[in-house]
Amino acid sequence: MENKNIALVVGATGITGNNLAQELISQGWKTYGLSKNPNNTIENLVPIKADLLNVESLENALKDISPTHIYFTTWMKNDTEEENIRINSALVRNLLSVLSSKKSVKHVALVTGLKHYLGPFEAYAKEGKLPETPVREEHPRLPLPNFYYAQEDEVYKASERDGFTWSIHRPHTVIGYAVGNLMNIASTLAVYASICKETGRKFIWPGSYEQWNGISDVTDARVLAKQLVWASTTESAKNKAFNITNGDIFRWKWLWYRLADYFGIEAVGFENTIKPLEKEMQNDQEIWKNISQKYGLKEENLYRLSSAWHTDLDLGRPLEVMCDMANSRSLGFAEYQNTEKSFINVFEKLKAEKLIPFKTL
């Protein structure tokens with residue numbers, strides 16, 4: 001029987017959007033992928049080129065499309081949080097305004113993240129008062145500027161105006177395959193490990209004492225994709241916010257050595273101070289170019305595959321962070337993914353796609 005649902009994945013080229021589009025298509029949905037620079041690598045995904053900051057561009061791109069479900073998986077990084085708020089609320093507002101007159105939208109799902117609980121990147125510990133963990137969906141908003149709140153508010157306002165239901169999804173660090181994504185810890189660590197392997201360097205932990213020793217969790221993009229579809233099609237899950245992680249917990253002081261073992265390199269744990277990966281890799285472009293040429297890899301640009309600055313932000317937090325999953329678990333969402341396998345799945349995919357060297361051990 002044909003699925004009558006029509007999905008519009010906003011940000012289809014990112015880790016979350018890419019995996020979500022594949023999940024929707026596998027479930028028989030007609031799926032459109034909206035992005036500024038569309039990617040045609042997903043079979044049966046209909047790409048739409050549009051600029052979310054340009055209403056006329058959106059109107060032209062969407063004039064013949066009447067989606068039933070919107071999945072908003074993108075944001076734009078700006079220099080200040082005030083600018084983040086201005087730009088990222090406009091992305092949501094513009095799209096929902098353009099679609100408003102069609103009266104086709106039944107549900108809007110918005111992906112945000114743990115900055116909802118921790119505050120903007122630069123404010124994790126600014127007040128000297130760290131957030132309470134595990135983070136829970138009912139935790140109140142922080143008294144700090146936060147573009148996630150602004151995006152949520154745009155969804156709430158449009159929901160009241162147009163009558164659709166909504167869901168908010170707050171993953172921890174997202175693990176998944178995507179190239180050219182600006183926030184990709186798995187491919188960043190794969191590239192770093194490959195450089196260590198080739199040059200004989202040690203795989204040095206870049207983060208904080210608290211992250212090294214504390215309990216953590218992460219979110220496989222495939223698990224997030226399944227929760228997005230589940231929440232948008234399950235009546236009891238409508239109009240709710242959900243944390244989303246793999247369902248297991250770990251300490252980096254265990255996982256770091258496991259990842260090093262996969263590549264056959266020597267790991268170094270936390271030693272007295274944070275050692276930022278961005279600084280460690282700042283002169284590695286030429287090394288990566290040589291590695292790419294030696295192994296016949298597809299991407300010579302180190303910065304298309306790695307985002308050391310974002311990995312530093314994730315691993316440098318001055319507190320342990322984990323998420324409570326009770327909201328969706330209590331409603332029947334039971335997906336689980338082993339975290340070590342999440343990373344290895346991405347590594348294997350990067351090798352298969354000739355993006356990192358295929359020789360490990």
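Me: Which residue lies over the face of W309, and at what distance from the ring centre?
Reply: Happy to help, and please keep in mind that this is a predicted model. Look at the ring of W309: the residue over its face is K77. Its distance from the ring centre is 5.0 Å.

Me: Over which ring does the charged end of K115 sit?
Reply: Start from K115 and follow its side chain to the charged end, which is 5.0 Å from the centre of a ring. That ring belongs to W75.

Me: How many aromatic pairs does a search of the whole structure find?
Reply: Here the rings are looked at two by two. The search covers the whole structure. The number of aromatic pairs found is 21.

Me: Why is the pair of F250 and W252 edge-to-face?
Reply: Let's take the two rings together: their centres are 5.3 Å apart. Planes over 60 degrees apart count as edge-to-face. The planes of F250 and W252 are at 80°, so this pair is edge-to-face.

Me: Is W252 buried or exposed?
Reply: Buried means under 20% relative accessible area. W252 has a relative accessible area of 2%, so W252 is buried.

Me: Which helix holds both F343 and F347?
Reply: These two residues are both buried, and their rings form a tilted pair, with centres 6.2 Å apart and planes at 50°. Along the chain they are four residues apart, about one turn of the helix. Together with residues including Y192, W205 and Y262, they belong to one aromatic cluster. The helix that holds both, residues 339-352, is α15.

Conventions
Residues numbered from 1 in each chain as written. Predicted model: local features only at pLDDT ≥ 70, side-chain atom pairs only at ≥ 80, totals over all residues. Heavy atoms only, no water. Phe/Tyr/Trp six-rings, centres within 6.5 Å; stacked < 30°, edge-to-face > 60°. Buried < 20%, exposed > 50% of the residue type's maximum accessible area, 1.4 Å probe, protein only. Helix = DSSP H or I, 4+ residues; strand = E, 2+ residues; numbered from the N terminus. Lys NZ or Arg CZ within 6 Å of the ring centre and 35° of its normal.
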